[in-house]
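Q: Please go through this structure with me and justify each term against its definition.

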Amino acid sequence: MDAFTIEGGRRLEGTTRINGSKNAALPLMAAALLTSEPVILRDVPDLADITNMKKLLDTLGCEVIESEKNAEPSLTLCARDQSQSHAHYDIVRTMRAGICVLGPMLARRGIARVSLPGGCAIGERPIDLHLRGLAALGAQISLDGGDVVATVPPQGLRGTTIFLGGPFGSTVLGTANVMSAAALAKGTSIIESAACEPEIVDLANLLNAMGARITGAGTPRITIEGVKSLHGATHIVIPDRIEAGTMMCAAAITNGSLTITNTPLDAMLAVTDRLVDLGVHIDILDNKDPMRATCRISSERILRPIRVTTQPHPGFPTDLQAQVMALLSIAEGNSIVTERIFPERFLHVAELGRMGAQLHRQGATVVVTGVRELHGAPVMASDLRASASLVIAALAARGTTVINRVYHIDRGYERLEHRLASLGAAITRTEGSA
Ligand code: EPZ
């Protein structure tokens, strides 16, 4: 398994472009199962999770066509063959997001068999809300051999009002599954306590381009007027707000100066609010399209302590909790980080501790006591965002850090070592170490 070796202490400088969003692209790709016509997606990032979704769609009879080398990069998905409706464990266990084929497949094919995702490093991740929403539309749901088996009754799926809120608030992929299924149900559905994430808005925009009638995406109440069928469409994936936030933290921790293009600032107000409070400067250079802005990131030499609490969108995203914690580990004074979405999502705490960070966890809260500097050490990647926080810490640490199992990072960041090296970081990938 590959590892990253990072010599810390280099300022990041230069310009980098934000890629299309992983968490938008995955449900967008699954939506291709709702029609037998081609769905063309542009700016799909080149990531391990995307590769797995392509494999999954291929097993479900969806043709996956990459554009020619010299043509504008695009991905064409065409689900003509509907004979296979079983999403197997061997793929779904590698990528939980595989669950988002459930709603589209059920609605279009009348049957869907999807492996239950199983355990996750960031904590408990049940799918009860997904199943509750699909059952409310009339689906018959059963569990068999570790799979969810969902079928549509003879009279078809029927629109209805569904409350989709759970103990930690809304569910992103649950909203995606139910909204996609309701698009082909008879009558009108209302999803109350729907996820408001920009990725849900992006999915609703694609579905509407395919002929669906969805309003209210981006708010807690989404209304879907079911239609008989959906057609093909072309869609550009929104930029990745989590990647953008990660690059902002990386620039700030090295006291660097980074110009970031294709930045979805309009989807990051909770993030920029917190970063500015702790001493990061975000100078907007071009905001004609606030979802594709250009900004320059720099920071004060001494960062200030802050409080951060993760919440569903538009609150501070849980997927940036670990990265901002790495940044706060060298801020002056005590910061407080509270995780409200995945209360156990702290595997990075012990690893950052190995690099000299002073972190005191009590339940879902960590008190971060800033230190003057971090130091390099061998550390272990555990999940996607925890690994990104170790890279950020290593960029500032004195000496050498070796991050093992970076396959976690490849799931969500495209060739990260090349990107950071092009911005001045001393980072290399070693293949096949422990
Ligand atoms: C999406 O996961 C993202 N993944 C996650 O990003 C992100 O952390 C999460 O949303 C929250 O923002 C993708 O988009 C592919 P949820 P999802 O359902 O949809 C509980 C990354 O790093 N819940 O919104 O699976 C759940 O346990 C990944 O890119 C139920 O109780 O998350 C959690 O506490 C990691 N029952 C909360 O809701 C359910 O049926 C939010 O989970 C579903 C969820």
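Q: What makes the pair formed by lysine 22 and the ligand a polar contact?
A: A polar contact is a pair of N or O atoms within 3.5 Å; within protein, one must be able to donate a hydrogen and the other to accept it, and residues adjacent in sequence count only if both atoms are side-chain atoms. A polar side-chain atom of lysine 22 lies 3.0 Å from an oxygen atom of the ligand, so the pair meets the 3.5 Å limit. This is a predicted model, in which local features need pLDDT of at least 70 and side-chain atom pairs count only at pLDDT 80 or more, while totals for chains, interfaces and linings use all residues. Residues are numbered from 1 along each chain as its sequence is written, and side-chain values use heavy atoms, with hydrogens and water left out.

Q: Which polar atoms of glutamate 124 and arginine 125 lie by an oxygen atom of the ligand?
A: For glutamate 124 it is a polar backbone atom, 3.1 Å from a ligand oxygen. For arginine 125 it is an N or O atom in the side chain, at 2.9 Å.

Q: How much of the ligand's accessible area does the protein cover?
A: On its own the ligand has 830 Å² of accessible area, and the protein covers 91% of this. Such areas come from the Shrake-Rupley method with a 1.4 Å probe; for residues, only the protein chains shown count as cover.

Q: Which elements give two or more residues to the shell around the ligand?
A: They are α1 (22–30), α5 (128–136), α6 (172–182) and α12 (384–396). Helices (H or I, at least four residues) and strands (E, at least two) are DSSP runs, numbered from the N terminus. The most comes from α5, with 3 residues.

Q: Why is α1 called largely enclosed?
A: Buried means under 20% relative accessible area, exposed over 50%, and partly exposed in between (1.4 Å probe, protein chains only). In α1, 8 of the 9 residues are buried, so the rest of the structure largely encloses this helix. Among the buried residues are Lys22, Pro27 and Met29.

Q: What makes serine 21 the cap of α1?
A: A side-chain oxygen of serine 21 lies 3.3 Å from the backbone nitrogen of asparagine 23, at the N-terminal end of α1.

Q: How do you know that the chain is as compact as a globular protein of that length?
A: The chain has 14 helices and 24 strands. Its radius of gyration is 22 Å, close to the 22 Å given by the globule rule for 434 residues, so the description holds. The radius is taken over C-alpha atoms, and the rule is 2.2 Å times the number of residues to the power 0.38.
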